[in-house]
Amino acid sequence: MFVQEEKIFAGKVLRLHVCTMEGAEWLEEVPEDTTVEKLKERCLKHCLPGSLEDPKTVTHHKLIHATSEKVLTDTKTVLEENIQDRDVLLLVKKRAPMLLPKMSDVVAEEKRKQEQKAPDKDAILKATANLPARSVDRSVTHHNMRDFPFLQFQTELRKILVSLIEVAQKLLALNPDAVELFKKANAMLDEDEEDRVDEIALRQLTEMGFPESRAVKALRLNHMSVTQAMEWLIEHADDPSVDAPLPGSAPAEAPAEGAASSAEAAAGPSSEEGGEEAKDELTEIFKKIRRKREFRPDPRAVIALMEMGFDEKEVVDALRVNNNQQNAACEWLLGDRKPSPEDLDKGIDTNSPLFQAILENPVVQLGLTNPKTLLAFEDMLENPLNSTQWMNDPETGPVMLQISRIFQTLNRT
């Protein structure tokens with residue numbers, strides 16, 4: 001029997017599943033030595049009859065191996081592309097190449113962009129040269145900013161703290177152990193005023209990969225602000241002195257002596273010398289605590305505002321009035337400068353419904369008998385950036401939370 005030579009040496013026949021993006025699907029049987037281009041022609045004949053009359057149709061389509069997501073090369077065979085029996089191929093039309101824009105269109109687009117471009121400073125000055133000068137009433141802007149609930153609370157909080165400090169001092173002075181309590185409080189300020197670090201802020205920085213010692217230093221330098229501390233750490237990453245201790249943090253003898261002297265002063269008068277001397281002693285301790293909690297302006301904000309031409313005293317007053325916020329301090333300096341620094345020492349009306357509601361709250365009443373609450377109020381009064389620290393404190397946090405809730409409740413009514 002005669003058998004054709006081409007049948008004897010014919011390659012293995014593969015059964016391939018072919019799909020299109022339109023959802024058509026069929027089975028194509030091809031020898032493994034068939035080129036991808038020939039396979040593509042057969043597929044196009046099946047799904048697009050008559051399309052091969054245009055020779056570009058083949059080049060405008062491609063075959064993709066579904067499993068490997070590989071685009072098959074037209075000149076290679078099915079065997080060379082490592083296609084197996086029962087594999088799935090996807091017939092896809094290629095995207096049309098992007099046409100290069102005409103030169104006239106490019107010129108027109110550039111001209112349009114130039115016409116829409118914002119004017120520069122010289123053009124603005126030229127266009128507004130003949131306009132009459134007007135002064136902007138910045139007090140209106142400043143007033144509107146304080147209409148936001150959060151800013152309203154921040155403004156009223158200072159007045160509330162001033163009045164609550166007076167109440168707390170009177171309550172604590174009635175305590176027979178008041179001198180002893182504030183002697184301990186004064187010593188506590190001496191020993192760990194610089195050691196206190198916001199644990200939440202520290203954890204955020206250490207989780208970013210910064211060493212704990214550097215993170216602590218950065219937070220102290222930047223008033224516990226995570227954002228500013230992170231900027232400082234990045235800026236001083238290669239600084240040889242980045243790990244050097246802060247000035248005044250190493251020697252511990254001087255504060256110890258101060259604590260000892262304050263302890264001696266607090267323990268001075270005996271019970272026989274009467275309550276007047278104890279009251280005077282409490283007054284002196286209150287003064288010492290307040291001196292330790294003096295306002296510390298943000299040094300970066302001071303430098304930035306002084307570079308604008310403002311006097312240092314004006315800058316410090318502006319930062320004190322605006323809680324160390326540089327932008328708000330700048331607005332205050334350029335505006336009517338209200339409230340004034342003297343207004344900061346004015347408390348809230350003690351007969352107001354807000355203050356009466358605060359004093360009637362049992363959590364606040366209990367907190368006012370704790371010397372630590374008084375220390376927290378004094379600290380927040382002069383350094384508002386430390387308020388987050390006291391809000392997270394287990395002793396002072398509940399008191400601050402109640403004050404905030406009472407304010408928000410009465411503000412909505």
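**Overall architecture and local features of the predicted model**

Leu-366 is placed in helix H18, which spans residues 362-367. This residue counts as exposed, because its relative accessibility is 63%, above the 50% that marks exposure. A separation of 8.7 Å is found between the C-alpha atoms of Leu-366 and Val-399, two residues that stand 33 residues apart along the chain.

The structure described here is a predicted model. Helix H18 belongs to a protein with 21 helices and five strands. Of the 413 residues in the protein, 33% are buried. Among contacts with a separation of 6 or more, 60% involve residues 24 or more positions apart. The protein has an accessible surface of about 26,500 Å², and carbon and sulfur atoms contribute 55% of that area.

Confidence was examined along the chain. The mean pLDDT of the protein is 76, with 74% of its residues at 70 or more. Over residues 136-148, pLDDT stays under 50, and the model has 14 contacts beyond four places in sequence for this segment. The segment of residues 250-274 likewise stays under 50 in pLDDT, and for these residues the model has 17 contacts beyond four places in sequence. Where pLDDT is low, predicted coordinates should not be read in detail.

Helix H11 covers residues 226-235, and its buried residues are Val-226, Ala-229, Trp-232 and Leu-233. Viewed down the axis of H11, these buried residues fall within an arc of 125°, so they line one face of the helix. An α-helix has 3.6 residues a turn, so residues three or four places apart point the same way. On the other side of H11, Ile-234 and Glu-235 are exposed. The cover over the buried residues of H11 includes helix H9 (199-207), helix H10 (212-221) and helix H14 (299-306).

Helix H14, which is part of the cover of H11, has buried residues as well. Ala-301, Val-302, Ala-304 and Leu-305 are buried in H14. The buried residues of H14 pack against helix H15 (312-321) and helix H16 (326-334). H14 is thus described by two sets of neighbours: H14 helps to cover the buried residues of H11, and its own buried residues pack against H15 and H16.

A nonpolar patch also lies on the surface of the protein, formed by Met-103, Val-106 and Val-107, with an area of about 290 Å². One of these residues, Val-107, is located in helix H4, which runs over residues 103-116.

Backbone geometry was considered at two arginine residues. Most residues other than glycine have a negative phi. Arg-86 has a positive phi, near 75°, and is located in the loop between strand E4 (70-71) and strand E5 (88-93). With a relative accessibility of 45%, Arg-86 counts as partly exposed. Arg-337 also has a positive phi, near 55°. Its position is in the loop between H16 and helix H17 (353-360); H16 is one of the helices against which the buried residues of H14 pack. Arg-337 counts as partly exposed, because its relative accessibility is 28%, a value between the limits of 20% for buried and 50% for exposed residues.

How values were computed: Residues numbered from 1 in each chain as written. Predicted model: local features only at pLDDT ≥ 70, side-chain atom pairs only at ≥ 80, totals over all residues. Heavy atoms only, no water. Helix = DSSP H or I, 4+ residues; strand = E, 2+ residues; numbered from the N terminus. Buried < 20%, exposed > 50% of the residue type's maximum accessible area, 1.4 Å probe, protein only. Contact = heavy atoms within 4.5 Å. Areas by Shrake-Rupley, 256 points an atom, 1.4 Å probe, with all protein chains shown as cover. Patch = residues over 30% accessible without salt bridge, like charges linked within 9 Å, V, L, I, M, F, W, Y side chains within 5 Å. Salt bridge = Lys/Arg side-chain N within 4 Å of Asp/Glu carboxyl O. Arc of directions from axis to C-beta. pLDDT = per-residue confidence, 0-100.
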